[in-house]
Amino acid sequence: MCGIVGYIGHREAYPIIIEGLKRLEYRGYDSAGIALFDGNSLKISKTKGKVSDLEERSEKEITKNGSLGIGHTRWATHGVPNDVNSHPHASNSGDLAIIHNGIIENYDSLKKELISRGYTFQSDTDTEVLINLIEDVKKKENVKLGKAVQIALNQVIGAYAIAVFDKSKPGEVVIARLGSPLAVGVGEDEFFIASDASPFIEYTKNAIYLEDEEMAIIRLGKEIKIRKIIDDSLVDPYVQELQMNLEEIEKGGYEHFMLKEIHEQPRAIRDTYRGRLLRDEAIIKMAGVEDNMKKFLNADRIIIIACGTSWHAGLVAEYIFEEFSRIPVEVEYASEFRYRNPVITEKDVVIAISQSGETADTLAAIKLAKSKGAFVFGVCNVVGSSIARETDAGAYTHAGPEIGVASTKAFTTQITVLTLIALRLARAKGTMSSSDFRLYLQELELIPQKVEQALKVDEHVKQIAKEYLLSTNCLYLGRGYNFPVALEGALKLKEISYIHAEGYPAAEMKHGPIALIDDRMPVIVIATSKGHYEKVVSNIQEIKSRKGKIIAVVTEGDTAVKEIADHVIEIPDSEEAFSPLLTTIPLQLLSYHIAVMRNCNVDQPRNLAKSVTVE
């Protein structure tokens with residue numbers, strides 16, 4: 001969950017690391033720190049709070065010169081957010097410094113052993129235990145830093161991405177990963193280290209992504225050496241060319257990344273189906289599906305595993321797959337799936353969904369499914385991510401970098417990819433006629449244009465938001481394809497405004513939630529003209545008879561709901577299966593505007609981080 005940055009080269013390290021931490025602050029923002037080596041001494045500055053607080057503090061505490069440094073922005077796991085628990089951490093001697101993303105599960109037993117040997121600890125973190133373990137190994141075994149890191153990590157249980165520096169070796173940084181992402185930017189006589197590529201995108205397009213159980217010794221003026229942690233065997237580095245650009249990770253004039261990313265959805269959806277949806281030829285081309293068509297066609301069922309917003313996208317896909325391709329689908333929380341003893345066979349297809357491609361629970365579920373013989377297909381947004389490498393095949397969304405913690409364009413692009421797969425399988429199985437297939441291709445191609453139209457309700461939604469910014473509870477209702485959208489809408493409101501909200505199938509309201517309805521309860525109802533419309537209208541009437549406040553998302557031109565709802569938000573008409581791509585737009589905007597009016601930090605909501613790389 002934390003973000004780590006490092007630099008070794010010919011430039012001043014401080015501005016690179018500070019700017020890099022700002023770009024990684026979506027990964028954690030309860031504390032931040034930096035360590036710089038000026039050629040003689042190692043200077044550390046760290047503080048509770050955001051990177052801006054670190055900048056202010058470091059102005060007073062450290063000199064900024066030095067071409068080697070490491071930095072960290074934290075999402076707390078071990079130890080409360082405070083100055084002492086902030087990273088970097090130094091060893092007892094002060095010679096070694098470390099930054100760490102992950103959890104060391106056996107830190108307590110290691111700590112007790114180190115205390116028995118005379119080590120002392122200032123923080124409550126597992127990371128301070130790790131750096132002292134490395135120092136202890138280095139002294140006992142009389143080895144260099146790289147070897148000490150390798151030996152120490154073989155004693156560790158848990159997950160980590162680390163960067164370690166020894167001031168007695170001023171031209172060297174040692175890095176390693178297991179379960180947490182780590183990228184190395186390769187420049188001219190310089191190296192960049194980061195949790196993802198965003199901190200170094202303006203300096204180099206060349207990146208190496210470490211695999212699990214790999215470590216690297218980065219030496220100034222030399223090639224990077226990558227080794228396996230377990231057996232010390234050498235690994236040939238694979239240099240990838242980055243696809244992102246600097247403009248994609250800037251706000252571009254928007255007040256928040258979330259608002260920018262909401263408005264990027266027409267482009268993101270179009271980019272996701274570009275080259276795959278060929279309407280004139282009436283075909284869908286997806287290499288990962290085509291190359292494994294027999295796996296899909298012979299599958300007894302599809303199991304979708306995901307967390308959070310990706311899980312909601314999976315629920316939408318369940319409706320789409322079963323409707324179009326007539327394959328049974330189960331949707332599982334990855335965090336629960338991995339701890340069950342699920343019945344999985346070689347005739348199952350598992351689709352794993354993750355925006356970052358680094359979600360720890362989803363990665364663990366993938367490994368479990370593969371161990372049972374299932375074919376695993378990944379859907380993620382980040383090229384070179386762990387899920388992209390761990391799965392048997394897959395398809396990228398092309399959302400571009402998503403910086404806001406609350407996923408928006410990830411949701412719609414995931415649904416787009418999954419819809420393309422379902423349509424392709426429908427044609428291969430013969431469960432959809434040629435005419436219907438062409439109709440759906442034509443309609444899907446028009447979705448970006450319709451999303452642009454849906455975004456025009458922004459000012460209207462802002463006015464509605466003013467009336468409900470002081471609400472303490474909200475209920476979201478939908479049916480069929482739009483039940484998962486109700487769940488997603490409720491999640492968005494909870495995440496960024498801290499208002500309690502729940503999503504329900506509209507028909508389930510009478511089985512409990514209707515007891516909550518009164519004149520202070522806003523109820524957001526998705527009531528599009530296709531899909532159980534009359535039933536939803538009946539649900540709205542039941543709410544109004546109990547004085548509930550209705551905010552309805554309706555198809556443009558609706559008249560029946562307008563007569564009874566307190567507020568109506570219109571969206572363009574579409575095929576029912578594609579309606580979630582449109583109905584989610586006003587719900588994203590509603591959450592955003594309420595959160596802004598409540599003075600919440602929209603891009604960095606409390607207690608959350610973008611990429612959940614720890615359990």
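Where is Thr584 found? Thr584 is in helix H19, where helices (H or I, at least four residues) and strands (E, at least two) are DSSP runs numbered from the N terminus. Before going on, keep in mind that this is a predicted model, in which local features need pLDDT of at least 70, side-chain atom pairs count only at pLDDT 80 or more, and totals for chains, interfaces and linings use all residues. Residues are numbered from 1 along each chain as its sequence is written, and side-chain values use heavy atoms, with hydrogens and water left out.

Back to Thr584. With a relative accessibility of 2%, Thr584 counts as buried; that word means under 20% relative accessible area, while exposed means over 50% and partly exposed is in between (1.4 Å probe, protein chains only). Leaving aside neighbours within four places in sequence, Thr584 is in contact (heavy atoms within 4.5 Å) with Phe411, Thr412, Val485 and Glu488. To get a feeling for distances, pick out Ile104: its C-alpha atom and that of Thr584 are separated by 39 Å, and the two residues are 480 apart along the chain.

Now step to the loop between strand S27 (567-571) and H19, where you'll find Glu575. Glu575 is partly exposed, at 21% relative accessible area. Not counting residues up to four places away in sequence, Glu575 touches Leu439, Tyr440, Glu443 and Lys530. Glu575 and Arg270 are 305 residues apart along the chain, with 17 Å between their C-alpha atoms.

Arg270 falls within the range of helix H7 (residues 265-273), so let's look at that helix. Seven of the nine residues of H7 are buried, so this helix is largely enclosed by the rest of the structure. Which residues of H7 are buried? They are Gln265, Pro266, Ala268, Ile269, Asp271, Thr272 and Tyr273. What covers them includes helix H6 (257-263), strand S16 (277-278), helix H14 (409-429), helix H15 (434-454) and our starting point, helix H19 (580-597). After H7 comes Gly275, whose phi is positive, near 80°.

Next, a pair of helices. Two packed helices are described by the angle between their axes and the distance between the axes. The axes of helix H1 (residues 13-23) and helix H2 (residues 51-61) come within 9 Å and cross at roughly 155°. Here axes are lines fitted to C-alpha atoms, for helices over the stretch in contact, and angles run from 0 to 180 degrees between N-to-C directions. H1 and H2 are therefore roughly antiparallel to each other; angles over 145 degrees get that name, those under 35 count as roughly parallel, 65 to 115 as roughly perpendicular and the rest as oblique. On the H1 side the contact is made by Tyr14, Ile18, Leu21 and Lys22, and on the H2 side by Val51, Leu54, Glu55 and Ser58.

Stay with Ser58 in helix H2 for a moment. Ser58 counts as buried, at 0% relative accessibility. Not counting residues up to four places away in sequence, Ser58 touches Tyr14, Ser45 and Lys64. Two of those partners also meet each other: the charged end of Lys64 sits over the ring of Tyr14, 5.2 Å from its centre. A charge sits over a ring if NZ of Lys or CZ of Arg is within 6 Å of the ring centre and within 35 degrees of the ring normal. Lys111 does this too, with its charged end over the ring of Phe121, 5.3 Å from the centre.

How many aromatic pairs does a search of the whole structure find? The search finds 10. Rings of Phe, Tyr and Trp (its six-membered ring) pair if their centres lie within 6.5 Å; planes under 30 degrees apart count as stacked, over 60 as edge-to-face and the rest as tilted. Phe296 and Phe375 form an edge-to-face pair, 5.9 Å centre to centre with 80° between the planes. Phe296 lies in helix H9 (residues 293-297) and Phe375 in strand S21 (residues 375-380), so the pair ties together parts that are 79 residues apart in sequence. Both Phe296 and Phe375 are buried. Elsewhere, Tyr7, Phe192, Phe200 and Tyr203 form one aromatic cluster.

Finally, some backbone details. A cis peptide bond, with omega about 0°, joins His87 and Pro88. Asn142 is not a glycine, yet has a positive phi of about 55°; Asn142 is exposed, with a relative accessible area of 69%.
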